[in-house]
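Visitor: I would like a close look at a single part of this model. Please take one pocket and follow what surrounds it.

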Amino acid sequence: MNFRSLTLGLALGSTALAPAWAGPGDAPAGRYLVRDVTVVPVDTDEVLAHRNVLIEDGRIVRIAPAGQRLRADAAQVVDGRGKYLVPGFVDAHVHIATEGAIRDSKDPAINGLDLGDGHDYDRQAMLAFLKAGVTGAANLGGSAGSDDDLLRLRGEIDAGREIGPKLYVGKRINGPRAAVAVRPDGKPVPASRPEAPTTAADGIAAVRRARERGYDFIKPYQFLNRQTYLAVVEEARRQGFVTTGHLPELGCASCADRAFAFAHPMTNIAHSEELARFARIGSDLAPAEIEALAQAVADSGASVTPTLVTLRTIVAMYVQREVPAVPDGWQDTVDPVTRLDWTPPANRYLSQAFRDQEGADRFSAGYDFARVLTRALWKRGVPLTVGTDAALPGLAFGVSVRQEMIELREIGLSPLEVLRAASLNAHRLFDPQAGSGAVREGERANLVLLDADPLADIHNVGKVAGVFAQGRWLSIAQIDRQLAQGEAFERGLQRQIERRKADAAKQVAQ
Ligand SMILES: [Zn+2]
């Protein structure tokens, strides 16, 4: 059924039952009236109680006092009484599990799995984000097939044919590790090519290819040598690309050094942990060094995605030798392929090789360092965003954003500052032309409706009543129903994996 064909002649104070939403691609980005809601715009410290919010064709067109008459013909009414309308959250650092990644997988238990032709696998991931109120997600690089898949999916979502968060697809550009080896093993560095550049020319070519392919931003990675790192960052800037990535490796003849990296900064640093290499400290926290480092970041103009929950999760795997439990109610959102990735031997964080790494005994101190440093960055006004590195083992899509928001609250950010990090700061980073991301007239309707006040307690971001994803309303019940419909597909995937494992075991036995 199409809402647009209905005219309910709705005025304020009236209620109307909207027709049930029929499925992906079928929900209208039409007209909605959120009635008598508390609006938390987030761009100021205002809290606007008792407001009616009219949403039309993906935008917030009107925010008016609830007592005022508002023409809202044919709008679906969403009851906002006792609820809070906040900007949708953005995961600023995620690696989305896609069908393309499954096709590219070298794991015999995964490669060639029958995924059907309905894109159910990708849809389940998209729904998990929406379930947590995540209406934007920046993918920081994947396999070639995965990037293809995400570029396709981004277009489908933008066109309203699929539901999901607004996707920002990043191209990872990295050189061969041997090009920046601190202790070279004598083997020749592979010849430069745009796929693994060691020259400025190939770095520039890689950025230009990313532009042609339609990527949204560039993720420089840490094994770029000095000249290539510089060429990538500068060409990206010339092309109007945002850069968010890893800081360059230090300590070799062809490496960048700390001063060089801060003199030619990326737009955003993808983890606070990355800065540990730049702190010139060992296992001890040196307060003066941390302050100097935070100041250097502030002076460089870069923003930071701390990903504290990522580090916390890695430390937990190291200390407890198991994957930390996904929060209650979210276990089923972790698909069978991802679950396999979280299990040894695929989960490298549980491997002996990981434990044997030099410095492994200092991982816990690394988490402390990242927290203290992130706090110092925040105190200097460095813009922070909320990123998770999901689906790294233990980190599920959507709910991990909530976990990272709590991490930021715990190091001192106010609930309002946490909401800003999760919304406005990410918009400013990835999509500044598309508006501020605040709950204001004229802004895009990427919104979360919460059952409780997030300013009173940041944990209330977990009480999602529903979301507006690019202007479409989806109640939590509708999202859960869609997720449940996809579970049969996932059980089928699980059976395929089990059959393959059984076949492999049989072959070993023979
Ligand atoms: Zn990452």
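Which helices and strands each supply at least two residues of the lining of the second largest pocket?

Guide: The model is predicted. Three elements each supply at least two residues of the lining of the second largest pocket: α3 (144-158), β8 (166-173) and α4 (200-213). Of these, α4 gives the largest share, four residues. The pocket holds about 370 Å³ of space. Its lining comprises 17 residues, and those closest to the centre are K171, R172, I173, P194 and E195. Sorted by class, the lining has seven nonpolar and seven charged residues, with three polar ones.

Strand β8 leads from the pocket to the sheet. Seven strands make up this open sheet, in the order β6-β7-β8-β9-β10-β11-β12, with parallel pairing. At the edges are β6 (89-94) and β12 (303-304), each of which pairs on one side only. β8 runs parallel to β9 (residues 217-220), and four bridges join the two strands. In one of these pairings, G170 has F217 of β9 as its bridge partner.

The edge strand β6 spans residues 89-94, and H93 is a ligand of the zinc ion through NE2. The other donors are H95 (NE2) and D389 (OD), and the coordination distances are 1.9 to 2.3 Å. Along the sequence, the donor residues follow the spacing H-x1-H-x293-D. The two histidines fall into separate burial classes: H93 counts as buried because its relative accessible area is 1%, under the 20% cut-off, whereas H95, at 21%, is partly exposed.

Methods. Residues numbered from 1 in each chain as written. Predicted model: local features only at pLDDT ≥ 70, side-chain atom pairs only at ≥ 80, totals over all residues. Heavy atoms only, no water. 1 Å grid on protein atoms, 1.4 Å probe; cavity = no way out; pocket = protein on both sides within 12 Å on 5 of 7 lines; lining within 4 Å. Points joined across faces, edges and corners; volume = space filled by probe spheres on them. Nonpolar A, V, L, I, M, F, W, Y, C, P; charged D, E, K, R; others polar. Pairing = 2+ DSSP bridges. Donors = N, O, S within 2.8 Å, 3.2 Å for Na, K, Ca; no water. Buried < 20%, exposed > 50% of the residue type's maximum accessible area, 1.4 Å probe, protein only.
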